[in-house]
Amino acid sequence: MKAFIKSLSSLGILSVTLLAQQPEPTPVFRTTVVARTTKAVSYRHRSGSTKIDFAGTQLLPQSRGEAKVESKQGRIAIDADFRNLVPAHNFGPEYLTYVLWAITPEGRALNLGEVLLNGRNSKLSVTTEIQAFGLIVTAEPYYAVTQPSDIIVMENELRPDTLGKSELIDAKYELLKKGQYTVSLDPKDITTRVVDPAFPLEMYEARNAVLLARAAGADKYAADTWQKAVRALQQAEEYHARKQKKPSQMLAREAVQTSEDARLLALQRREEEQLANERAASADREAKAKAEAAAENLRRARAEMERQKAEQQRAAAEQESLAAQERQRRAELDRAASDKARMEAELATAKAGREKADAEAARQAALLQQQAAQAETEKARLATDEANRLRQRAEQDRAELRMRLQQQLNMILQTRDSARGLIVNMSDVLFDTAKYTLRPLAREKLAKISGIVLAHPGLRLEVEGHTDSVGGEEYNQKLSEQRAAGVRDYLVSQALQSTPSLPAASARRNPSRITLPLPDGSRIAAWSWLYRANR
C-alpha cells in the first residue's frame, strides 16, 4: 500500500508542478458502433413483474443469470442474479470489476450499478426511471464509468413468457474499444490483477481510476478535480493503513467518482482546445491568402509603372529623332539658299526625299498607334480572364464548403441540399407531450451540430419549430415559438451568437424561426435546420 502511494508520487500523480515541467501526451478516445444489436424490452407502466434471462457472450459463454423486472409507480425495479463469472482482470490489466448497463432504444447507455463477485456469483438490486431498455454486463476498470467497454460478457435473453408481455425493440449502442483507457500508460503502471483478495476492491478501482484519468489528460485539463481525486485516494490509503475500513472504502469510492468526473472534463476540454486550434489555423490561412493577394497586386502595379515609364522613354526617343531630322532638313535648306543656282536640280531631289521621309514618319506614327491599341486590347483580355478565373475559383470553394458541410452533418443526421441551403432533419420526437424542454438525446445531437457550425465561421443558422394540428391556433402558435426558442437557447449555450428574426409565426403554415448571424456579420452562405415535434 505505501509502495503504491510512493509509485504514484514518482509518476507525478501527487504533484501538479512536476506534471507542468514534464508534460506527457494524452490518448485520443474513439468509440465504435457495435455491429450487433441487443433486444430492448418496453415494460408497460405499473404492469407488474416479468422475468428475463442473461446469457454469456463469446467472451464468457459459461456465464448465466436471470432477473426479475417489476414496473412500479415512477420506476422499474430490477433484481438480478448472475452465475459463473470470472475475475474481470482476466480480460485485460485495466479491468477490475463488472457493471450492469441499461441500453435505451435510442442507444443511450445508463450505468445501473456495480456487479460485485462473491466467489463466481453475484446479486444486484437496482431501479431505473426509463421504461424501455435492454440489459448487458461489461468488464470495466472501475464502477463509475459513463460509457460501456466492448468487453460484453452477458446480455439479456428474452424468455417465452417475456415475449407475451413486452414489445421487442432492437437497440444499437456505442462502446469504448479495448485498450483505449491505457493508450498512454506504461503497462506496469496498471494493476494487473487482484493480488490480495483481502485488500479492498474499492482501493484497486480507485488506483486505476486515478491513473486512467491522468492518461486522459486530467492532470492538464482538469487539474483541480484530478488533484481532489488524488487526495481522496491518498486519504483512503491512510485510513486503510490504520485499518479503518468504512472511511477507507468511502474515500476510495469518492476517488473513483471524482477521477471519472476529471476524465470526462479533460476529454471535453481537450476537444474544445482542438476546435479552437483549428479555428486559429483557419484564420491564419485566410490572413496568409490575403497577404499573398496584396503582394501580387503590388507586384502588378509596379510592373505597370515600369511599362509606362519605358513607353514614355521610347516616345521621347522618337521625338528626339524627329527633331534631329528637322534640324538636318533646315541645314540643307540653308545650304540650298546660299547656292540656289547650283542646287536647283538637287532641290527637287531633296524635296522628294523630304516628302518620302514625311510619309515614312506618318507610317511609323500610325504603326505605333496600332501597336498601342493592340497592347490595350491584350491588357483588357487578360483582366477579363483573371476576373473569370477568380469568379470560378470562388464558386468552386463555395461548392466544396457546401459539400463538406453536408458530409459532416450526414454523419450525425440526415442532411439534404436544397435551394434554401443544407436542411438537417431530426425526425425523432424531441420534446415531451405539450412541452418545450429538449430531451437529452436532442441536446446531444444539437451539441454535435454546434461543434460543426463553430468550426465553419460564416454560416447563418435558421431554426424552424412545428407542432401538429392538435390544439387551437393560438396554443400551437405559442408552443411552436417556445420550442424554437428552446433550440435557439441551447445553441447559444454552445457558444453560437443569436439575433431574433421573424418573431411572429403560425403553428402549422409558417413555423417559428430564429436566425443566428455570422460572427463577422456576413451572409455569404446559409443553411437551415428543420425539426418537427408531435404534441
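Begin by selecting Gln477 and Glu481, whose side chains are joined by a polar contact of 2.3 Å in this predicted model. Gln477 is found in helix α10, which covers residues 473–493, and with a relative accessible area of 16% it counts as buried, because that value is under 20%.

Next, select Arg83, which has its place in strand β5, residues 75–83. With a relative accessible area of 31%, Arg83 is partly exposed. Now add Glu66 to the selection: the side chains of Arg83 and Glu66 are joined by a polar contact of 2.8 Å, while their C-alpha atoms, which belong to residues 17 apart along the chain, are separated by 9.2 Å. If you then show the surroundings of Arg83, leaving aside residues up to four places away in sequence, you will find that Arg83 touches Ser63, Arg64, Gly65, Glu66, Arg120 and Asn121.

From there, move to helix α7, residues 245–338, and select Thr258 within this helix. Thr258 is buried, with a relative accessible area of 9%, and a polar atom of the Thr258 side chain lies 2.8 Å from the backbone oxygen of Glu254. Not counting residues up to four places away in sequence, Thr258 touches Thr225, Lys228 and Ala229.

Keep α7 selected and add helix α8, residues 340–410, to see how the two pack: the angle is about 170°, and the axes are 10 Å apart. Since angles over 145 degrees count as roughly antiparallel, α7 and α8 are therefore roughly antiparallel to each other. To display the contact, pick residues on both helices, including Arg300, Glu304, Leu322 and Ser338 of α7 and Lys340, Met343, Leu368 and Glu386 of α8. Which kinds of residue make up the contact of α7 with α8? The residues of this contact divide into 8 nonpolar, 1 polar and 11 charged.

Finally, colour the protein chain by pLDDT, for which the chain has a mean of 77, with 77% of its residues reaching 70 or more. Confidence is highest in strand β8, residues 122–128, at a mean of 94, and lowest in helix α2, residues 16–21, at a mean of 30. Select residues 1–35, over which the pLDDT is below 50, and note that this stretch has 74 contacts in the model beyond near neighbours in sequence. As a last stop, select residues 499–535, where the pLDDT is also below 50 and where the stretch has 143 contacts in the model beyond near neighbours in sequence.

Notes. Residues numbered from 1 in each chain as written. Predicted model: local features only at pLDDT ≥ 70, side-chain atom pairs only at ≥ 80, totals over all residues. Heavy atoms only, no water. Helix = DSSP H or I, 4+ residues; strand = E, 2+ residues; numbered from the N terminus. Buried < 20%, exposed > 50% of the residue type's maximum accessible area, 1.4 Å probe, protein only. Polar contact = N/O pair within 3.5 Å; in protein donor to acceptor, adjacent residues only side chain to side chain. Contact = heavy atoms within 4.5 Å. Axes fitted to C-alpha atoms, helices over the stretch in contact; angles between N-to-C directions. Parallel < 35°, antiparallel > 145°, perpendicular 65-115°, else oblique. Nonpolar A, V, L, I, M, F, W, Y, C, P; charged D, E, K, R; others polar. pLDDT = per-residue confidence, 0-100.
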